[in-house]
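I opened this notebook to record what I looked up in one protein chain. The entries follow the order of my queries.

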Amino acid sequence: VHGGSSRMQPTVALSSVEAEYMALSTAVQEALYLKRLLNEIESDVVSDVRVLCDNQGCMKLSKDPIFRNRTKHIDIRHHFIRECVVNKEIQIEYVSTEKNVADCLTKQLQGRKFEFCRDFVLGLISQ
């Protein structure tokens with residue numbers, strides 16, 4: 001299941017890792033909402049929630065329970081991701097840039113990447 005929207009982030013990020021972390025926070029919120037909604041409609045239809053991320057620094061930040069000097073200024077509301085990972089409510093998995101289908105919504109694509117995204121959207125390949 002994929003839900004999506006496009007809007008500016010309400011806070012300013014000082015690095016690409018922080019920007020991805022904030023976006024991951026929003027994605028996790030949406031994924032958990034959809035999981036609860038689907039489970040209300042039909043009990044326990046969704047058990048595992050898998051969120052894909054293409055930024056390894058962001059993934060490390062989401063799995064690291066220790067606050068560091070570089071992350072202390074990030075708004076506390078984004079750190080609930082860590083609790084979700086520890087409580088096994090979500091799994092954050094790496095997706096390489098070459099296989100990141102979300103790029104077709106956010107970037108201008110060239111050649112092979114465009115063809116990959118097109119084929120994925122048309123259902124000709126699976127991730």
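Which backbone oxygen does the side chain of Arg-82 reach? I found that the side chain of Arg-82 reaches the backbone oxygen of Leu-61 at 3.0 Å.

I noted the basis of these entries: the model is predicted, local features need pLDDT of at least 70, side-chain atom pairs count only at pLDDT 80 or more, and totals for chains, interfaces and linings use all residues. Residues are numbered from 1 along each chain as its sequence is written, and side-chain values use heavy atoms, with hydrogens and water left out.

**Entry: Arg-82.** I located Arg-82 in helix α3, residues 80-86 (helices are DSSP runs of H or I, at least four residues; strands are runs of E, at least two; both are numbered from the N terminus). Arg-82 is buried, with a relative accessible area of 7% (buried means under 20%, with a 1.4 Å probe and protein chains only).

**Entry: whole chain.** I listed five helices and two strands, which follow the pattern α-β-α-α-β-α-α along the sequence. Of the 127 residues, 30% count as buried. Among contacts (heavy atoms within 4.5 Å) between residues at least 6 apart in sequence, 58% join residues at least 24 apart.

**Entry: surface.** I read an exposed area of about 9200 Å² for the protein chain, with carbon and sulfur atoms supplying 53% of it (Shrake-Rupley method, 1.4 Å probe; for residues, only the protein chains shown count as cover). Tyr-33, which lies in helix α1, residues 16-41, forms a nonpolar surface patch with Leu-37 and Ile-41. Together these residues have about 330 Å² of accessible area. Patch residues have over 30% relative accessible area and no salt bridge, and nonpolar side chains (Val, Leu, Ile, Met, Phe, Trp, Tyr) are joined within 5 Å, like charges within 9 Å. A salt bridge is a side-chain nitrogen of Lys or Arg within 4 Å of a carboxyl oxygen of Asp or Glu.

Note on methods:
Buried means under 20% relative accessible area, exposed over 50%, partly exposed in between (1.4 Å probe, protein chains only). A polar contact is a pair of N or O atoms within 3.5 Å; within protein, one must be able to donate a hydrogen and the other to accept it, and residues adjacent in sequence count only if both atoms are side-chain atoms.
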